[in-house]
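Open the model in your viewer and keep the selection tool at hand. The stops below go one by one.

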Amino acid sequence: SAQPLRLTVIGTGYLGATHAICMAVLGFEVLGIDVSQEKVDRLNAGEVPFFEPGLPEQLAKALDSGRLRFSTDYAEAGAFGDLHFLCVGTPQKPGSDAADMTYVDSAVTSLAPYLDRRALVVGKSTVPVGTAARLTALLQRLAPAGEQVELAWNPEFLREGYAVEDTLRPDRLVFGTSSAWAEEQLRAAFAPVIEGGTPVVVTDLPTAELVKVAANSFLATKISYINAMAEVCEATGADVHDLAAALAYDDRIGGRFLKPGLGFGGGCLPKDIRAFAHRAEELGVGQAVAFLHEVDAINRRRRARTVDLVRELAGGSLEGVRVAALGAAFKPNSDDIRDAPALDVSVSLRRAGAIVRVYDPQAMDNARRSYPELDYADSTMEAAQDADVVVLLTEWNEFREIEPDALAAVTAGRGIVDGRHALDPAAWRAAGWTYRALGRP
Ligand code: UDX
């Protein structure tokens with residue numbers, strides 16, 4: 001039988017580190033490449049440079065197996081790999097809605113000169129449709145093996161907090177290929193996942209690129225849809241929480257991604273819908289996805305409305321008001337603060353004159369580094385000490401479990417804004433709190 005495939009994973013951020021670790025656990029020999037010596041050293045030492053449940057255990061397993069190591073050397077990557085997975089980031093370009101392709105382009109430009117035999121480069125990063133065609137030309141021009149080097153696209157759908165589970169047992173695999181050989185290579189690389197029952201959609205390159213942004217746009221739209229209903233509810237005295245529960249019983253709608261509240265943030269959804277709308281405009285089909293601007297606008301209004309609710313509870317002005325802000329991460333079980341609604345609200349509260357003390361179970365270091373102007377506390381109770389208003393911004397379990405009486409014992413006021421519909425209004429009101437939530441009476 002053929003030699004097992006050797007894989008490189010270029011970029012060891014969130015996506016790449018997870019992919020490299022899981023592929024080694026599945027039995028492949030894997031070399032992870034990153035330009036950051038510090039990241040490489042930490043990973044080789046068994047340390048995951050971000051918070052992700054279960055990933056440190058998988059890294060230990062992978063390193064013990066002897067099948068995984070990390071390096072900064074592209075020459076090593078070229079010599080080692082049969083398949084090269086591109087997992088570098090495509091953040092939003094500063095001052096633009098477009099995706100910043102600098103890291104993708106530099107990864108391809110750095111790797112290509114070392115591709116001197118048949119190899120498959122597999123893009124996993126989220127990119128504007130059309131990127132694969134452009135990169136194919138670039139690769140074949142720069143690689144000594146020329147047209148023997150092919151490109152495929154294999155979008156990644158993993159959620160932070162469930163990265164290991166989503167990588168080992170994804171809902172589906174999408175292979176965008178331009179030859180039968182490329183499809184064979186991908187089927188071999190994902191054989192253990194496919195054997196586990198994961199369906200595979202094989203398609204062309206542009207479709208594979210589009211699947212990712214189409215999926216994230218749909219998810220963002222679903223969240224903004226229910227948040228739009230929350231705005232209507234507020235104008236009518238209706239309750240969006242009950243409305244969502246009733247909608248969710250319709251299987252065609254379903255309850256997932258129908259949770260109203262402060263809306264979406266993170267390193268994917270916000271920048272992906274903006275980059276998609278931008279790319280569609282370039283392609284002359286901007287009108288087809290013009291609704292994504294509205295999805296974005298609804299989402300931004302949720303943050304502003306949360307600030308308003310705190311102001312209302314504070315009696316009309318935020319000047320000098322002490323606010324306990326519970327949560328900083330863009331969602332629970334993550335230390336990621338990229339485009340975090342929670343920190344956006346805290347910064348706005350501070351700008352409006354409030355004294356904001358933030359506590360988050362995991363994201364404190366990241367928050368402190370990026371927002372040194374905010375105050376921080378080491379626990380819920382410390383954040384809430386003498387607070388006039390409490391605002392729940394990220395729905396960590398430890399916040400759901402707060403005892404209304406225990407919190408009231410340390411705060412100055414009894415007003416709480418539940419930005420994530422995480423608390424039981426009846427229990428809080430019974431304990432004497434004024435409870436407010438977006439879209440609820
Ligand atoms: C998302 C996609 O789910 C994933 O498939 C893709 O690969 C990357 O982007 P992630 O950013 O990790 O994953 O977070 P996700 O769990 O999807 O949550 C995104 C945001 O939406 C969070 O800020 C969350 O709080 C918010 N959200 C989610 C809601 O406001 N309401 C919901 O009902 C669901």
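The tour starts at the ligand and then moves outward through a helix, a core and several loops. Keep in mind that this is a predicted model.

**Stop 1: the ligand shell**

Select the residues around the ligand. There are 19 of them. Colour Glu160, Lys259, Phe264, Gly266 and Cys268, which come nearest. Now colour the shell by residue class. It divides into 10 nonpolar, five polar and four charged residues. Next, colour by domain. Domain 1 (6-203) and domain 2 (218-437) each supply at least three residues to the shell around the ligand. Which helix gives the most to this shell? Helix H10 does, with three residues.

**Stop 2: helix H10**

Select residues 205-236, which make up H10. The helix has 32 residues. Draw a distance from its first C-alpha to its last: the reach is 47 Å, close to the 46 Å expected at 1.5 Å a residue. Then centre on Val211. Here H10 bends by about 25 degrees. Step past the end of the helix to Gly237, which follows H10. The phi of Gly237 is positive, near 80 degrees.

**Stop 3: the largest nonpolar core**

Select Val310 and Val323. Within the largest nonpolar core, these two have the most contacts. The core has 129 residues. H10 returns here: it gives the most to this core, with 10 residues. Where does the core lie with respect to domain 1 (6-203) and domain 2 (218-437)? Both domains give residues to it, so the core lies between them. In soluble globular proteins, nonpolar side chains tend to be buried together.

**Stop 4: two positive phi values outside glycine**

Most residues other than glycine have a negative phi. Two residues are worth selecting against that background.

Pick Asp386 first. Its phi is positive, near 65 degrees. Asp386 sits in the loop that links helix H16 (380-384) to strand S12 (389-392). Is Asp386 buried or exposed? It counts as exposed, because it has 12 C-beta neighbours inside 10 Å and the cut-off for exposed is 12 or fewer.

Move to His421. This residue is not a glycine either, yet its phi is positive, about 50 degrees. Look for His421 in the loop between strand S13 (415-418) and helix H19 (425-430). His421 counts as buried, because 21 C-beta neighbours lie inside 10 Å and 20 or more is the cut-off.

**Stop 5: pairs separated in sequence**

Select Glu312, in helix H13 (residues 291-313). Glu312 is partly exposed, with 14 other C-beta atoms within 10 Å. Add Gly415 to the selection. The two are 103 residues apart in sequence, and their C-alpha atoms are 9.8 Å apart in space.

Now go to Gly413, in the loop between helix H18 (404-408) and S13. Gly413 is also partly exposed, with 19 other C-beta atoms within 10 Å. Draw a line from Gly413 to Glu195. These residues are 218 apart along the chain, and 57 Å separates their C-alpha atoms.

**Last stop: Arg117**

Select Arg117, in the loop between helix H5 (102-111) and strand S5 (119-123). Arg117 is exposed, with 12 other C-beta atoms within 10 Å. Then add Gly146, 29 residues away along the chain. The C-alpha atoms of Arg117 and Gly146 are separated by 8.7 Å.

Methods:
Residues numbered from 1 in each chain as written. Predicted model: local features only at pLDDT ≥ 70, side-chain atom pairs only at ≥ 80, totals over all residues. Near = placed C-beta within 6 Å. Helix = DSSP H or I, 4+ residues; strand = E, 2+ residues; numbered from the N terminus. Nonpolar A, V, L, I, M, F, W, Y, C, P; charged D, E, K, R; others polar. Domains from an automatic or database assignment. Expected span 1.5 Å × (residues − 1). Bend = angle between axes of the 7 residues up to and from the residue. Core = buried A, V, L, I, M, F, W, Y, C linked by C-beta atoms within 7 Å.
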